[in-house]
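Open the model in your viewer and turn on the cartoon. Keep a selection box ready for the stops below.

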Amino acid sequence: MTAAAALVVAACGGGDSGEKSGGDTANGAITIDGTQPEVGLVPANTTETGGGKIIDFMWTGLVQYPNDGGAPQNAVAESIETTDSKVYTIKIKKGTKFHDGTEVKAKNFVDAWNWGAYSPNGAQNGSFFSDIEGFADVHTEDPDGEGPKKAPQPKVDKMSGLKVVDDYTFTVTLSAPFSIFPVKLGYSTFMPLPDAFFKTTPEEFGKKPIGNGPVKFVSWQDNVEIKLARFDDYTLADKVKIKDVTVKLYQDDTAAYNDLLSNNLDFQQQIPVSALAGDKWKSDLGERGLNVPIPVSQIIAFPLYDKRFQNADLRKAISLAVNRQEIADKIFFGSRKPANTWSNPLTAGGKEGDCTVCTFDPEQAKQLLAKAGGFKGELVFYYNADASHKEWMEAVAQSVKNTLGINARAEGIPTFAVFRQMINAGQMKGPYRAGWQQDYPDVENWIGPLYVTGGSSNDGKYSNPQVDAAYKAGTQAADADAAHAKFAEATKIIDQDVPSMPMVTVNQQSGTSERVKNVQTTNVGEIDLSSVELK
């Protein structure tokens, strides 16, 4: 099957111009909730949802993912064609623009991908380009982690697998056939960068980013708000009807909920846990409440760079000591489901029940703890305190304490940005919350970034050559079924190593104000700005 057959020409989302909307939509403004981004807004360097949400608003990729979770649809791409799943010819639509008025051309994708892959640039998402021929020549790794040795200088700064054919055509040659490659191309890492990016520093650009999506950047006040505005020269189907969007950066989701109830906030992506009890949010919001399944799972990861957590039997014991069903029922009031898979039930290629350590088995947990030699000292579970994680993380710690007799507790880090900075610096001193929002609809996304050596979000520094080999075999498979079979082999090994603990899968409860109508959410639960109208 060619990639072109799997992608359709129409872009997802969208609607008519604002002039046909009710109210004063065309000149209207909304406020939505968000969190302070960890770093500046550069697509290939953003791995968390605070910044990722803004990038999703500001950029449009070659393909987009429909709100209903269906197959990717062409967006900036006019066509993506291949005859062998190894060499892809990508044609882009003429006339699409960046927010600085320059036209989006083939070289803007090629230059952006080469920048992201070139390891001296330090892009956190660099590993996403590893399928492309020549990646190993531009991307080198530190041979001893954070030790005294340094990564060797790459041979070149451009991947041999990327070639600009003309202004609107480029080719991508992979190191081996991989039929799933086009599915990845809607993820933010693969977004184009304007020429202006290469005339400044990533830090400066990240504070005043220039995208190519339906809204453009206006301003950013740290820990307060990010302002966006409709980009009137946007030519694709998912045009935004409203004029202005303010993303208010909250440190407390209960404060956001109170603003929602008083109509000072027009959309809250996740209702706080405190409002789920007794379905309070339903009585509070009525028809303003939204309840949608999303490909998101809450995970607790182990810092394997800490010697105390390098014993797999200990990690299994802790995972088996957690009563996920009780947490789903009593803390989330049935709005979450206990995880039983290393991916997500909504994920293509995933397999229900492949997480054997997700069950609650106190006796086996105790036996494994004894086999591991016990655990000395305090076991602290960490989470970011600016969202509703306190209750369920404390329940995890209590479950482990009650089952294994370990002195366990949960501790909050004030903000998500600081929390992520500590994780990236390898400073976690205990298991920590590491939820995962699917970047693109395939099980590969739940393995490569999280559990392959050097993966972009493999923050616990897990490494197993067998996992790497099975994953690589999957990425080199010529069809999706063969790829998924190899990914399943990798998952079985991960299940025995337990580098993290899948906890619960998410149904998202969101809310809107009385000012807006027709609000829809994207495939990952973010607000679909193109759907919003004012009443």
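Start by selecting Val164 and Phe170: Val164 stands opposite Phe170, which belongs to strand S7. Keep in mind that this is a predicted model.

**The sheet around this pair**

Widen the selection to S6 and to S7, residues 169-173. These two strands pair in the antiparallel sense, over four bridges. Now add the remaining strands. The result is an open sheet of four strands, in the order S4-S5-S7-S6, with antiparallel pairing. Which strands stand at the edges? They are S4 (77-82) and S6 (162-166). Each has a single partner strand, so one side of each is left without a neighbour in the sheet. Look at the tilt from strand to strand: neighbours in this sheet are turned by 20° against each other on average, ignoring direction.

Next, select helix H3, residues 106-117. H3 lies across S5 (87-92), S6 and S7. Against S6, H3 runs at about 170°.

**A covered helix**

Move to helix H2, residues 49-58. How many of its 10 residues are buried? Eight are, so the helix is mostly covered. Colour them to see the set: Gly50, Gly51, Gly52, Lys53, Ile54, Ile55, Phe57 and Met58.

What do these buried residues pack against? Show strands S1 (29-34), S8 (215-221), S9 (225-230) and S10 (244-249), together with helix H12 (416-424).

Now zoom in on the start of H2. Here a side-chain oxygen of Glu48 comes to within 2.6 Å of the backbone nitrogen of Gly50.

**Two residues in one loop**

Select Tyr65, in the loop between S2 and S3. Is Tyr65 buried or exposed? Its relative accessibility is 10%, so Tyr65 counts as buried. Show its side chain and look for backbone nitrogens. A polar atom of the Tyr65 side chain lies 3.1 Å from the backbone nitrogen of Gly186. The Tyr65 side chain also reaches the backbone nitrogen of Tyr187, at 3.4 Å.

Then pick Asn340 for a distance check. Tyr65 and Asn340 are 275 residues apart in sequence, and their C-alpha atoms are 25 Å apart in space.

Finish at Gly70, in the loop between strand S2 (63-64) and strand S3 (73-74). Gly70 has 29% relative accessibility and therefore counts as partly exposed. For a last distance, choose Val104: it is 34 residues from Gly70 along the chain, with 26 Å between the two C-alpha atoms.

Definitions and conventions:
Residues are numbered from 1 along each chain as its sequence is written. This is a predicted model: local features need pLDDT of at least 70, side-chain atom pairs count only at pLDDT 80 or more; totals for chains, interfaces and linings use all residues. Side-chain values use heavy atoms; hydrogens and water are left out. Buried means under 20% relative accessible area, exposed over 50%, partly exposed in between (1.4 Å probe, protein chains only). A polar contact is a pair of N or O atoms within 3.5 Å; within protein, one must be able to donate a hydrogen and the other to accept it, and residues adjacent in sequence count only if both atoms are side-chain atoms. Two strands pair if DSSP finds at least two bridges between them. Axes are lines fitted to C-alpha atoms, for helices over the stretch in contact, and angles run from 0 to 180 degrees between N-to-C directions. Contact means heavy atoms within 4.5 Å.
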